[in-house]
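Student: Please choose one part of this model and take me through it closely, then set it in the rest of the chain. I would like the cut-offs stated wherever a term depends on them.

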Amino acid sequence: MRADVKINDLWMFAMGWIREEIDFPMPQSQTNTVVVPGRNAPIRFTEALGRVSYQPRSFSITLSMLGSREKFNQMKDILANLYAGQLCQVILSEELDLYALGTLELEPAYDPLTGKGQMVLSCSDGDSYRYHTEETVVTITGGGTAILNNDYMPVVPTVVTTAETALSWSIGEDVFRKSVSAGTWTFPELELQEGQNSVSITGEGTTTFRYREGRL
């Protein structure tokens, strides 16, 4: 399979670029420690809110082409006008079901001796998690139990009900109950964790859960 990169809706190979190099490192965790005199171990606040938080994701992608400077300038200008300073979705051909989200900066270079042009697309403020390209949708008609499978990123789904509905779910030893009328709802307490999450539904209408999964 040819290595390629898709930015928003456009594949770079179709625009005449070859993906030459890629640097897509794992984001670093946000760490905060306090050294207390007399203690042999520091106080660690990495999981102060109950989970690890991460620094913005940084990555860079190097594209290249062969041709005249005039051709390079034309191709460079197209990319600059499309992506420079823009918040973009970036998909690698190796992982078509995931995209990274961040602001792109462009750095062009051209070597007249070899007729080779390069464009480095870099991001320093990307979201820590990469997102699924397809939104997850789970629909239940009438009463029952909705099984909401989730990837590693915690996420709060949007709940759409067509009639008066009662919802209940548990997180650890805590049990939550909500009774709602027809409409669109978001409950911060309904944060999906990695794996299977179950929600009990009582009602005569249709209940739909929509959420976008993600992973590092």
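**A four-stranded sheet and its surroundings**

Tutor: The part I have chosen is an open sheet of four strands in the order β13-β18-β15-β16, with antiparallel pairing; strands are DSSP runs of E with at least two residues, helices are H or I runs of at least four, both numbered from the N terminus, and two strands pair if DSSP finds at least two bridges between them. The model is predicted, so that local features need pLDDT of at least 70 and side-chain atom pairs count only at pLDDT 80 or more, whereas totals for chains, interfaces and linings use all residues. Residues are numbered from 1 along each chain as its sequence is written, and side-chain values use heavy atoms, with hydrogens and water left out.

At the two edges of the sheet lie β13 and β16 (174–180), each of which pairs on one side only. Neighbouring strands are turned by 25° against each other on average, direction ignored (axes are lines fitted to C-alpha atoms, for helices over the stretch in contact, and angles between N-to-C directions run from 0 to 180 degrees). The antiparallel pairing of β15 with β16 extends over seven bridges, and along it T165 stands opposite V180 in β16.

Strands of this sheet also help to build the largest nonpolar core, which has 22 residues; such a core is a set of buried Ala, Val, Leu, Ile, Met, Phe, Trp, Tyr and Cys residues joined through side-chain atoms within 4.5 Å, where buried means under 20% relative accessible area, exposed over 50% and partly exposed in between (1.4 Å probe, protein chains only). The residues with the most contacts inside this core are A146, L148, L167, F187, L190, V199 and F209. At least two core residues come from each of β8 (98–103), β12 (136–141), β13 (144–150), β15 (165–171), β18 (195–203) and β19 (206–211).

Once neighbours within four places in sequence are set aside, A146 is in contact (heavy atoms within 4.5 Å) with V138, I140, N197, S198, V199, I201 and F209. Two of these partners, V138 and I140, belong with T136 to the covered face of β12, while V137, T139 and T141 make up its uncovered face. In general, the side chains of a regular strand alternate between the two faces of the sheet. β12 is itself joined to β19 by six bridges in an antiparallel arrangement, with R210 in β19 as the bridge partner of V137.

A second, separate core of 21 residues includes I7, M75, C88 and V90. Of these, I7 has V90 in β7 as its bridge partner, within an antiparallel pairing of β1 (residues 5–7) and β7 (residues 87–92) that runs over three bridges. β7 also runs antiparallel to β8, joined by four bridges, with L87 opposite T103 in β8, and a hairpin of five residues connects these two strands.

The chain contains another open sheet of four strands, ordered β3-β6-β10-β9 and likewise with antiparallel pairing. Its edge strands are β3 (18–23) and β9 (105–111), each pairing on one side only, and its neighbouring strands are turned by 20° on average, direction ignored. Seven bridges join β9 to the antiparallel strand β10 (residues 116–126), and P108 stands opposite M119 in β10. Helix α1 (residues 69–83) lies across β6 (57–66), β9 and β10, running at about 175° to β9.

In the loop between β5 (43–44) and β6 sits Y54, which counts as partly exposed because its relative accessibility is 22%. Not counting residues up to four places away in sequence, Y54 touches P27, Q28, S29, Q30, S128, Y129 and L216. From Y54 to F72, 18 residues apart along the chain, the C-alpha separation is 37 Å.

As for the whole, the protein chain has one helix and 20 strands, and its C-alpha trace spans about 70 × 60 × 30 Å along the principal axes. Of its 216 residues, 34% count as buried, and among contacts with a separation of 6 or more, 72% involve residues 24 or more positions apart.
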